[in-house]
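Please find below a colleague's note on the ligand site of this model, set out as numbered points.

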Amino acid sequence: MKYIENYINGEFCAPASGEYLDNIEPATGNVYSKIPESDKSDLEQAVQAAEKAFPKWSAMSTEDRSRLMHKLADAVEAAGDQLAKAEAIDNGKPVAFAKAVDSYRASANIRFFANACTQFSSESHNMGETGVNYTLRDPIGVVGTISPWNFPLYLFTWKVAPALASGNTVVAKPSEVTPMTAYLFSKICHDVGIPKGVINILHGSGPNIGQLLVEHKKIKAISFTGGTATGKKLAATAAPMFKKLSLELGGKNPTLVFADCDFDRTVNEVVRSAFSNQGQICLCGSRIYIERSIYDKFKHAFIEKVKQLKIGDPLEKATQHGALVSKPHMKKVLSYVELAQQEGGTVLTGGKQVTLDGRCEYGFFVEPTVIEGLTLNCRTNQEEIFGPVCTIQPFDSDEEALSLANGTDYGLATSIWSNNLTRCHSLAKQLDFGIVWINSWLLRDLRTPFGGMKSSGVGREGGEEAMRFFTEPKNVCIKY
Ligand code: NAP
């Protein structure tokens with residue numbers, strides 16, 4: 001049995017309490033490693049180490065910091081196969097997907113911010129003959145990051161990289177459900193010589209060590225990605241302390257398919273947007289609206305493609321659809337399929353747990369599921385399911401498509417499929433979402449602002465936005 005360790009002040013350590021949680025492989029249902037259940041005293045040590053490391057790390061020249069982060073990116077890239085396999089075991093996602101998406105983005109995130117810190121600049125405001133202002137953007141100090149299980153290392157590095165690049169020291173908490181790649185990452189940080197105390201990684205459960213991290217007075221900012229309900233709790237804890245907060249939360253994303261779309265490509269991409277990572281991506285399009293004139297044709301082509309997705313052992317290269325992350329999550333997803341039927345929906349394909357032969361017999365597999373016959377206001381179409389379940393519904397006009405799309409509390413991402421660019425631009429302007437993809441989905445440029453509106457979050461990550469979040473602006477005003 002592998003025992004995962006915390007990483008504090010450049011050392012690997014057991015939790016002070018001696019308590020461990022089970023880490024389960026979703027494809028088999030077996031406990032395959034143990035995770036530290038960290039507590040207050042682990043946190044205290046991590047914060048002290050980060051505080052101690054801050055003056056030197058923040059004073060390091062940008063070139064030196066960038067060079068070290070490039071070394072880290074190189075090492076993460078070199079470990080790509082190992083990290084992808086670890087992610088597939090820990091999370092249940094297909095190994096080919098983990099290599100192409102998770103591993104790739106983990107090193108790309110670090111490399112991006114290793115470059116970004118050499119390009120980051122601040123403003124100057126000239127007052128004519130009176131004087132001049134310039135803005136200093138200094139690192140904040142000790143910051144906390146809390147990340148979810150769906151893209152464990154990808155989202156972990158998406159936060160840690162800009163925090164480090166802008167000169168902060170970090171206490172990071174990965175999800176207790178998928179801790180393995182953060183642990184492997186701590187080994188890589190150690191090997192490449194990230195100075196001790198600059199990054200500290202604490203494992204354990206959210207309501208315990210996650211909550212303590214948010215409550216800690218010396219942690220000045222929290223970058224969080226996770227569910228909207230958890231985000232609310234975090235905000236309630238952090239707001240009275242006037243802590244800087246970045247919240248990347250849930251989504252219920254609409255996909256708008258118009259009759260003039262490039263049909264075959266759209267079918268393929270809409271399948272990908274609904275079911276990649278078993279539908280466990282905050283950006284997945286789970287409400288698919290199709291212009292009525294092509295509704296039947298699209299529906300049949302879409303279902304055919306969905307049925308072809310190869311469900312299987314995440315460790316097999318040909319697998320396209322792996323296991324859901326945990327048993328409770330699988331039960332939650334299946335309960336929504338039941339709810340959808342109670343609400344009057346018809347399951348067109350999928351809807352059931354899958355039992356595989358061999359080592360995956362007890363894994364948490366659920367068929368890709370397509371449901372029709374539901375209206376916008378039912379719970380199935382309003383609540384985030386975060387699994388391989390989507391609904392389809394026809395629409396008759398651009399106005400109706402827009403009002404369906406905007407008709408939930410969420411506002412993370414949407415995609416429009418049409419060759420009428422005037423329509424696309426006009427809809428993009430009116431859609432209440434942080435990200436609008438036109439004839440694409442999950443096409444990412446790391447310089448762009450990333451995040452959601454409404455209940456999908458507060459603040460943006462990516463590029464300048466992240467560098468600004470992790471720095472404190474100070475105006476210096478000089479009178480001539
Ligand atoms: P979650 O339950 O909210 O957990 C997210 C993280 O918060 C985990 O590390 C969790 O720890 C921790 N946590 C839980 N309770 C906490 C508390 N009281 N105080 C501090 N930390 C706490 O979310 P999840 O189930 O892992 O992830 C799925 C959700 O994330 C979905 O809603 C999805 O849409 C959202 N998401 C959003 C984005 C985005 O960019 N907008 C990206 C990916 C995912 P434990 O895991 O140990 O409980």
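The points below deal with the basis of the model, the site, its contacts and its shell.

1. This is a predicted model, in which local features need pLDDT of at least 70 and side-chain atom pairs count only at pLDDT 80 or more, while totals for chains, interfaces and linings use all residues. Residues are numbered from 1 along each chain as its sequence is written, and side-chain values use heavy atoms, with hydrogens and water left out.

2. The shell around the ligand (residues with a heavy atom within 4 Å of it) has 31 residues, and the closest are S147, S175, T230, L249 and E384. By class, this shell divides into 13 nonpolar, 14 polar and 4 charged residues, with Gly counted as polar.

3. Both domain 1 (2-249 + 456-479) and domain 2 (253-445) give residues to the shell, so the ligand lies between them; the domain bounds come from an automatic or database assignment.

4. Among the polar contacts (pairs of N or O atoms within 3.5 Å), an N or O atom in the side chain of S175 is 2.7 Å from an oxygen atom of the ligand. A polar backbone atom of G227 is 2.8 Å from a ligand oxygen, and for a backbone N or O atom of G226 the distance to a ligand oxygen is 3.3 Å. Of the 890 Å² of accessible area that the ligand has on its own, the protein covers 90% (Shrake-Rupley method, 1.4 Å probe).

5. At least two shell residues come from each of α7 (206-215), β11 (221-225) and α8 (228-238), and α7 gives the most, with 4 residues.

Terms used: Polar contact = N/O pair within 3.5 Å; in protein donor to acceptor, adjacent residues only side chain to side chain.
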